[in-house]
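Work through the exercises below with the sequence and model open. Try each task before reading its solution.

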Amino acid sequence: YANAFAGEGTITAGAVTVSNVTITRVESPLRWEGQALSLPRVQGTAYAGGVDGHVRIGLLEEGRPLDAGMTFGAVDLQAFSDALAPDDFSMTGIARGTASVAIRNSVLADVQLDAHSDDGFTLSREMVRRILESPRYAGMLGRQLDKALNTILGAADQRPFDSAAVSLKLQ
C-alpha cells in the first residue's frame, strides 16, 4: 500500500529552524509520491537574504534518506555570525552561494558548501587569529605568531578583506 500514496499541496510556515539556522517566510509546493515526501521549490528568507532550494525525504524508505539543496543570496554575515558564532567570532558583509546535504540512516552522509562574499567582508581579529593558530599554519608561524598577527591584523576588532570564498565538502 505504501507505493499507492500520492498527493500534493502547498506548505507555508512563518519560520522553520534546522540545526540552529532559522528560515522565515517559508513556502513550497509539497508532493507525496510513493514512499517519499518532496518539497521541490522551497523559498524563504534567512539572515535578511533569499533562500531557494529543494528537499526530498524518503519517509517510508529504508534508512529514511534525506537530500536537500539550496541557493542563498544576499545573506547578512553579521546576522549569521551573531546567531551562530561564539561572541568573539564575527563576520560582516554579504554572502551568496550554494549548499547541499544528504542524510542516510540518521547519519550525515554528505555536505557541500560553496560561498563567497565580495561586499564589505570582514572577520573579527580573534577569528583570524584562531585560523592562523590552527595546526595547518602554526608550524609556519611558530613563535613569531603574536608579532606577525599584530603586524598583519592591526589593532581594529574587525579586519576587512577584499573578498572571501569558502568551499567545504564532507563525504
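Two strands pair if DSSP finds at least two bridges between them. The model is predicted.

**Exercise 1. The first hairpin**

Task: find how many bridges join β1 to β2, and what the turn looks like.

Solution.
- Start with the pairing. Strand β2 covers residues 21-33 and runs antiparallel to β1, with 12 bridges joining the two.
- Apply the criterion. At least two bridges are needed for a pair, and β1 and β2 have 12.
- Go to the turn. The hairpin leaves 2 residues between β1 and β2.
- Check the backbone there. Ser19 has a positive phi of about 50°.
- Locate a facing pair. Val18 is opposite Val21 in β2.

**Exercise 2. The second hairpin**

Task: which residue takes a positive phi in the hairpin of β2 and β3?

Solution.
- Count the bridges. β2 and β3 are antiparallel partners over 5 bridges.
- Look between the strands. 2 residues lie there, and Gly34 takes the positive phi, near 65°.
- Find the facing residues. Glu33 sits opposite Ala36 in β3.

**Exercise 3. Two strand residues**

Task: is Thr45 buried or exposed? Then classify Val16 by its relative accessible area.

Solution.
- Place Thr45. This residue belongs to strand β3, residues 36-46.
- Classify Thr45. Its relative accessible area is 17%, and the limit for buried is under 20%, so Thr45 is buried.
- List its partners. Beyond neighbours within four places in sequence, Thr45 contacts Thr22, Ile23, Thr24, Arg25 and Val51.
- Examine Arg25. Its side chain makes a polar contact of 3.2 Å with that of Thr45.
- Place Val16. Strand β1, residues 6-18, holds Val16.
- Classify Val16. A value of 34% makes Val16 partly exposed, because that class lies between 20% and 50%.
- List its partners. With neighbours within four places in sequence left out, Val16 touches Val21, Thr22, Ile23 and Val26.
- Take one distance. The C-alpha atoms of Val16 and Gly44 are 9.5 Å apart, with 28 residues separating the two along the chain.

**Exercise 4. The largest pocket**

Task: which strand gives the most to the lining of the largest pocket? Describe the lining as well.

Solution.
- Get the volume. The largest pocket holds about 1600 Å³ of space.
- Inspect the lining. It has 49 residues, and those closest to the centre are Val21, Met70, Phe80, Ala99 and Leu113.
- Rank the strands. β7, residues 107-124, gives the most, with 9 residues.
- Sort by type. The lining of the largest pocket has 40 nonpolar, 8 polar and 1 charged residues.

Technical notes: Residues numbered from 1 in each chain as written. Predicted model: local features only at pLDDT ≥ 70, side-chain atom pairs only at ≥ 80, totals over all residues. Heavy atoms only, no water. Helix = DSSP H or I, 4+ residues; strand = E, 2+ residues; numbered from the N terminus. Buried < 20%, exposed > 50% of the residue type's maximum accessible area, 1.4 Å probe, protein only. Polar contact = N/O pair within 3.5 Å; in protein donor to acceptor, adjacent residues only side chain to side chain. Contact = heavy atoms within 4.5 Å. 1 Å grid on protein atoms, 1.4 Å probe; cavity = no way out; pocket = protein on both sides within 12 Å on 5 of 7 lines; lining within 4 Å. Points joined across faces, edges and corners; volume = space filled by probe spheres on them. Nonpolar A, V, L, I, M, F, W, Y, C, P; charged D, E, K, R; others polar.
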